[in-house]
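Here are my notes from going through this one. Have it open in your viewer while you read.

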Amino acid sequence: MQYMLPRLRGWGQSLSRQMGGGGSGSSGGGMATRGPGETKIETDRRRIREKMAKMRREIAEMKTGRDIKRQERKRNKVPSVAIAGYTNAGKSSLLNRLTGAGVLVENALFATLDPTVRRAETPSGRLYTLADTVGFVRHLPHHLVEAFRSTMEEVGDSDLILHVVDGSHPAPEEQLAAVREVIRDVGAVDVPEIVVVNKADAADPLVLQRLLRIEKHSIAVSARTGEGIDELLELIDANLPRPAVEVEALVPYTHGALTARIHSDGEVLSEEHTAEGTLVRARVHEELAAELRKFVPAS
Ligand SMILES: Nc1nc2c(ncn2[C@@H]2O[C@H](COP(=O)(O)OP(=O)(O)OP(=O)(O)O)[C@@H](O)[C@H]2O)c(=O)[nH]1
Ligand SMILES: [Mg+2]
């Protein structure tokens with residue numbers, strides 16, 4: 001903490017530029033109010049110091065709850081998708097847009113301190129979890145990187161990363177690179193990534209074109225207007241890990257709940273309603289495959 005404060009001069013300045021300039025008064029929460037005799041930089045430093053302290057406390061409290069949730073997810077084999085990206089990129093807005101959740105959205109740094117997890121469903125009916133994460137900033141002092149690291153476990157453990165970048169920012173490539181550095185640091189390089197270029201409504205079309213060309217797995221969206229969201233949902237569907245076992249089962253109509261689980265936990269390849277029940281071909285995880293064994297149709 002002591003060591004980082006002298007460095008906040010540059011940081012604070014670039015942050016206010018990033019947020020559209022014009023000082024801190026136009027945005028942010030109540031903490032932005034300047035005390036008597038405080039200069040802009042002092043206010044920034046104090047604000048950041050307060051945020052950091054709060055964040056560390058919350059991170060410490062969160063860890064246990066997160067571990068439990070993660071274990072549950074692993075057991076149920078529900079694929080997990082993490083929304084990562086630079087601070088203020090629109091991660092929480094995207095989570096809200098994708099799941100209808102009411103997560104706090106604010107034009108302020110580190111609006112999100114708790115990696116919230118929501119359940120979501122693909123257009124084809126597969127269930128997955130979607131996690132909102134803490135945003136990154138460039139030139140993060142080293143001990144702060146440590147604090148982020150624990151929240152980054154969420155990202156490292158996920159099956160798919162939605163890497164959100166603000167397309168209307170003057171230097172989106174730099175933000176992408178900075179976030180990737182952290183993703184690499186936490187060993188999440190193997191997790192497939194979709195680059196979600198957000199704020200398409202406010203971005204320069206040429207910048208959008210450039211980003212979509214450079215980034216192979218990318219899509220332009222606007223969490224605000226909903227533009228591109230349906231396509232993103234399809235893309236998530238296509239990029240979720242495929243369950244391991246392909247099965248064929250004739251499920252009696254009396255076992256409707258089981259048919260429903262094939263839809264939510266697995267990937268249905270074909271389905272036919274016969275006189276004896278629902279004839280399904282699907283990819284499912286081991287557990288469900290075992291339960292379906294007694295319904296393998298006599299051939
Ligand atoms: N024009 C425009 N603004 C957006 C869009 N999505 C988000 N915003 C705005 O960008 C700001 C940041 O949005 P958040 O969703 O809080 O961003 P975040 O990435 O969760 O930020 P942190 O949690 O602080 O890392 C808010 O003022 C949003 O209203 C978009 O698609 N278009
Ligand atoms: Mg957020």
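The points below cover the sheet and the nonpolar cores.

1. First, a caveat: this is a predicted model, so please read everything here in that light.

2. On the sheet: six strands make an open sheet, ordered β2-β3-β1-β4-β5-β6, with mixed pairing. At the edges sit β2 (117-121) and β6 (218-220), each of which pairs on one side only. From one strand to the next, the twist averages 25 degrees.

3. How do β2 and β3 run? They are antiparallel, joined by five bridges. If you want a spot to look at, V117 has A131 of β3 as its bridge partner. Then there's α3, which packs on the sheet and touches β1, β2, β3, β4 and β5. The direction of α3 makes about 155 degrees with that of β3.

4. Now the largest nonpolar core, which has 39 residues. Inside this core, I83 and V196 have the most contacts. Two or more residues come from each of β1 (80-85), α3 (91-99), β3 (127-132), α4 (142-156), β4 (160-166), α5 (172-185), β5 (193-198) and α7 (229-239). The biggest giver is β4, with five residues.

5. Which residues does I83 contact, once you set aside its neighbours within four places in sequence? The list is K91, L94, L95, L130, A131, D132, T133, L162 and V164.

6. Don't overlook the other core: nine residues, lying apart from the largest one. V251, I262, V280 and A282 are among them. As background, nonpolar side chains tend to be buried together in soluble globular proteins.

Methods
Residues are numbered from 1 along each chain as its sequence is written. Chains are lettered from A and ligands numbered from 1 in the order in which they are written. This is a predicted model: local features need pLDDT of at least 70, side-chain atom pairs count only at pLDDT 80 or more; totals for chains, interfaces and linings use all residues. A nonpolar core is a set of buried Ala, Val, Leu, Ile, Met, Phe, Trp, Tyr and Cys residues joined through C-beta atoms within 7 Å. A residue is buried if 20 or more other C-beta atoms lie within 10 Å of its own, exposed if 12 or fewer, and partly exposed in between; C-beta atoms are placed from the backbone. Helices (H or I, at least four residues) and strands (E, at least two) are DSSP runs, numbered from the N terminus. Two residues are in contact if their C-beta atoms, placed from the backbone, lie within 7 Å. Two strands pair if DSSP finds at least two bridges between them. Axes are lines fitted to C-alpha atoms, for helices over the stretch in contact, and angles run from 0 to 180 degrees between N-to-C directions.
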